[in-house]
Amino acid sequence: MAKSALAFTISREGLNEGLSAITPALAKQAALPILANILLRSTPKGVLFSGTDLDLAVHTTIAADVHDEGVLNVNARRLLAIAKELAPSPCRVTNGDKALK
């Protein structure tokens with residue numbers, strides 16, 4: 001099983017591609033707040049993006065340079081808004097100390 005801390009470097013385009021593929025599957029007005037979140041799982045193959053509204057589940061893997069394997073559950077729309085504002089260069093995503101950086 002993957003440990004909870006994760007760290008990976010991904011292109012802005014790759015991050016946006018993964019988020020854009022998942023967000024249509026997320027609940028618009030979620031009765032359960034978790035349904036507005038996306039699961040990020042860093043693996044040796046890249047980063048797995050997963051989301052669901054309980055009727056539909058979407059998963060996609062995007063190539064990334066994975067430094068630490070792990071999992072993270074984060075608000076998808078907030079992360080998408082941040083990703084759109086990033087400079088067009090690779091970005092490092094970590095969740096050390098239980099905070100997304």
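Modeller: Contact, as I use the word here, means heavy atoms within 4.5 Å. This is a predicted model, by the way.

Biologist: Then with what is Asn37 in contact, leaving aside its neighbours within four places in sequence?

Modeller: Leu26, Asn73, Val74, Asn75 and Ala76. Asn37 itself sits in strand β2, which runs over residues 37-43.

Biologist: Why is Asn37 called buried?

Modeller: Its relative accessible area is 19%, and buried means under 20%, so Asn37 gets the label.

Biologist: And what joins the side chains of Asn37 and Asn73?

Modeller: A polar contact of 3.4 Å. The cut-off for such a pair of N or O atoms is 3.5 Å, so 3.4 Å falls within it.

Biologist: Over to Thr23. Where is it found, and what makes it buried?

Modeller: Thr23 is in the loop between α1 and β2. Its relative accessible area is 10%; the limit is under 20%, so Thr23 counts as buried. Beyond its close sequence neighbours, those within four places, Thr23 touches Lys28, Ala76, Arg77 and Leu80.

Biologist: Leu32 next. Why does Leu32 count as partly exposed?

Modeller: Leu32 has 46% relative accessibility. Buried would need under 20% and exposed over 50%, so Leu32 lands in between. You'll find Leu32 in the loop between α1 (12-22) and β2.

Biologist: How do you know that Leu54 counts as exposed?

Modeller: Leu54 comes out at 61% relative accessibility, and exposed means over 50%, so that settles Leu54. Leu54 belongs to the loop between β3 and β4.

Biologist: What about the phi of Leu54?

Modeller: Positive, about 80°, although Leu54 is not a glycine. Most residues other than glycine have a negative phi.

Biologist: Which residues form a nonpolar patch on the surface?

Modeller: Leu32, Ile34 and Leu54, with about 310 Å² of accessible area together. To qualify, a residue needs over 30% relative accessible area. Leu32 at 46% and Leu54 at 61% clear that bar, so they are eligible.

Biologist: What makes Asp55 count as exposed?

Modeller: Asp55 has 76% relative accessibility, against a threshold of over 50%, so Asp55 is exposed. Asp55 also lies in the loop between β3 and β4. The C-alpha atoms of Asp55 and Ala27 are separated by 9.4 Å, with their positions 28 residues apart along the chain.

Biologist: And Ser11, why does it count as partly exposed?

Modeller: Ser11 has 32% relative accessibility, and the middle class lies between the under 20% and over 50% classes, so partly exposed is the right term for Ser11. Ser11 is in the loop between β1 and α1; its C-alpha atom is 6.1 Å from that of Ser89, 78 residues apart along the chain.

Biologist: Now inside. Which residues touch the most other members in the largest nonpolar core?

Modeller: Ile10, Leu15, Leu19, Ile38, Leu40 and Phe49, out of 20 residues in that core. Elements giving two or more residues to this core include β1 (7-10), β3 (46-52) and β6 (70-75). α2 gives the most, four residues.

Biologist: Which residues of α1 are buried?

Modeller: Gly14, Leu15, Asn16, Gly18, Leu19 and Ile22. These pack against β1, β2, β3, β4 (57-62), α2 and β7. Phe49 is in contact with several residues of α1, among them Leu15, Gly18, Leu19 and Ile22.

Key
Residues are numbered from 1 along each chain as its sequence is written. This is a predicted model: local features need pLDDT of at least 70, side-chain atom pairs count only at pLDDT 80 or more; totals for chains, interfaces and linings use all residues. Side-chain values use heavy atoms; hydrogens and water are left out. Buried means under 20% relative accessible area, exposed over 50%, partly exposed in between (1.4 Å probe, protein chains only). A polar contact is a pair of N or O atoms within 3.5 Å; within protein, one must be able to donate a hydrogen and the other to accept it, and residues adjacent in sequence count only if both atoms are side-chain atoms. Patches are made of residues with over 30% relative accessible area and no salt bridge: like charges are joined within 9 Å, nonpolar side chains (Val, Leu, Ile, Met, Phe, Trp, Tyr) within 5 Å. Accessible areas come from the Shrake-Rupley method with a 1.4 Å probe; for residues, only the protein chains shown count as cover. A salt bridge is a side-chain nitrogen of Lys or Arg within 4 Å of a carboxyl oxygen of Asp or Glu. A nonpolar core is a set of buried Ala, Val, Leu, Ile, Met, Phe, Trp, Tyr and Cys residues joined through side-chain atoms within 4.5 Å.
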